[in-house]
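The following exercises concern the chain displayed below. Work through each task with the structure in view before reading its solution.

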Amino acid sequence: MSGTPARTDADTAADVVCLGESMVTFLPSRPGRLADVPSFGRGIGGAESNVACALAAAGHRTAWVSRVGADGFGDHLVDAISAYGVDTSAVQRDPARPTGIYFRTATDRGTDVHEVAYYRAGSAASAMSPSNVPYDALFAGRVLHLSGITAALSADCLALLHELTAPRPGRPLVSFDVNHRPGLWRDADASPGVLLDLARRADLVFVGEDEAEEAWGVRGAAAIREAMPEPAVVVVKRGSEGATVFAHPTPPRPGPGSATAVAAEAVTDVPALHVDVVAPVGAGDAFAAGFLSATLRGLPVRDSARHGHLMAAAVLTVPGDLTAPPARNLADRLAALDDADWGRLRLGPGWTGDDTEVRTT
């Protein structure tokens, strides 16, 4: 992919380093209002750790950098994420602040009946700042993956993201998922400008068409690209319609005002798959992981987006935020299909482990 630093595996401790808050998630035992759900099961949730876990499950070397409390929930997070094969050695323990937790309903977060109850104010992760993170660990990978969620946690977290996205010699490729969550921001009016500024400083950006319209009043993939011309690659996720990828033919120097001409770039539309959805949570993180996985392997943009769709389909067909990705040979075979056969695929529960579950319409 354009913009990838000329690094080799021997030079790095990880393929991808992910920074961000992960929380213990309490998942409802049945659908209904939080007030009516009788019990909850325990899981883990966090955009950046989801990406790290998915990439590790797909065979990549990943690391997760964060802060958790010196408590049982912090122990659980570190143990659970480590179990996926993610390096958690740079996770710091905070003796004064707790690990964040949250409860959610079983319904789609895009519906009016979806509820989330966060208990993350003053969490250990919200204390991340430019003065206390391990920069050697953050810059040890080929890719540093960040998201806009971290920027919303505190002024110190926002300062940290500004520091990590600043142009500097030897900076790894910075991947940024906008992840606009209005409810997390103390100053909701400030969040759109902050997120756009951070996105423009990144090398690879993931953004949903719907969140771009909500945050910036920008409608359509081309207008979104026009709003952020600097990144080498911008992936606009268009829901059930698929994704549009804008890629510079040569890497621009990071930073506003330094882009190469957008008119010369490649624009690739990749339709989404037909999926029998079990639960819609976690699909965006899985898409980012699939796209990054293919990019790390040097696959073309179309195939990177298709791997994003396939990884998202794996999560969409299970109840939780994380699942085993499709076997690489199966994913490669499906990603290489011609357009007609790709359009006829229909994926349901169990498809990742059995070719017989891969159907056509």
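**Exercise 1.** Determine which residue follows helix α7 and what is notable about the sign of its phi. Then establish which residues of α7 are buried and where they lie around the helix axis.

*Solution.* The model is a predicted one.

Step 1. The residue after α7 is Gly217, and its phi is positive, near 70°.

Step 2. Helix α7 comprises residues 209-216, and its buried residues are Glu211, Ala212, Ala215 and Trp216.

Step 3. These buried residues span an arc of only 105° around the axis, so they lie on the same side of α7.

Step 4. On the face turned away from that buried side, α7 carries the exposed residues Asp210 and Glu214.

Step 5. The buried residues of α7 pack against β10, α6, β11 (204-208) and α8 (221-227).

**Exercise 2.** Identify the buried residues of helix α5 and state which elements are included in what covers them.

*Solution.*

Step 1. Helix α5 runs over residues 155-164, with Cys157, Leu158, Leu160, Leu161 and Leu164 as its buried residues.

Step 2. Their arc around the axis is only 155°, which places them on the same side of α5.

Step 3. The cover over these buried residues includes the strands β1 (14-19), β9 (141-147) and β10 (173-177). It also includes the helices α3 (135-138), α4 (148-153) and α6 (191-201).

**Exercise 3.** Describe how α5 is arranged relative to α6, and list the residues through which the two helices meet.

*Solution.*

Step 1. Two quantities describe a pair of packed helices: the angle between their axes and the distance between those axes.

Step 2. For α5 and α6, the axes come within 9 Å and cross at roughly 25°. Because angles under 35 degrees count as roughly parallel, α5 is roughly parallel to α6.

Step 3. The crossing in which α5 passes α6 is left-handed.

Step 4. From α5, the residues Leu158, Leu161 and His162 meet Val194, Asp197, Leu198 and Arg201 of α6. The residues of this contact between α5 and α6 comprise 4 nonpolar, 1 polar and 2 charged.

**Exercise 4.** Carry out the corresponding analysis for helices α10 and α11, beginning with the angle at which they pack.

*Solution.*

Step 1. Helix α10 (residues 301-316) packs with helix α11 (residues 328-335) at an angle of about 125°, and their axes are 9 Å apart. This angle makes α10 oblique to α11.

Step 2. The crossing of α10 past α11 is right-handed.

Step 3. On the α10 side, the contact is made by Arg302, Asp303, Arg306, His307 and Leu310. On the α11 side, Ala331, Asp332, Leu334 and Ala335 take part.

Step 4. Sorted by class, the residues of the contact of α10 with α11 are 4 nonpolar, 1 polar and 4 charged.

**Exercise 5.** Locate Gly353 and decide whether Gly353 is buried or exposed.

*Solution.*

Step 1. Gly353 is situated in the loop between β16 (345-347) and β17 (358-360).

Step 2. The relative accessible area of Gly353 is 71%. Since exposed means over 50%, Gly353 is exposed.

Step 3. Gly353 is 29 residues from Ala324 in sequence, while their C-alpha atoms are 9.0 Å apart in space.

**Exercise 6.** State how many helices and strands the chain has, and what percentage of its residues is buried.

*Solution.*

Step 1. The chain has 12 helices and 17 strands.

Step 2. Of its 361 residues, 55% are buried.

Step 3. Among contacts between residues at least 6 apart in sequence, 70% join residues at least 24 apart.

How values were computed. Residues numbered from 1 in each chain as written. Predicted model: local features only at pLDDT ≥ 70, side-chain atom pairs only at ≥ 80, totals over all residues. Heavy atoms only, no water. Buried < 20%, exposed > 50% of the residue type's maximum accessible area, 1.4 Å probe, protein only. Helix = DSSP H or I, 4+ residues; strand = E, 2+ residues; numbered from the N terminus. Arc of directions from axis to C-beta. Contact = heavy atoms within 4.5 Å. Axes fitted to C-alpha atoms, helices over the stretch in contact; angles between N-to-C directions. Parallel < 35°, antiparallel > 145°, perpendicular 65-115°, else oblique. Left-handed = near helix turned anticlockwise from the far one by under 90°. Nonpolar A, V, L, I, M, F, W, Y, C, P; charged D, E, K, R; others polar.
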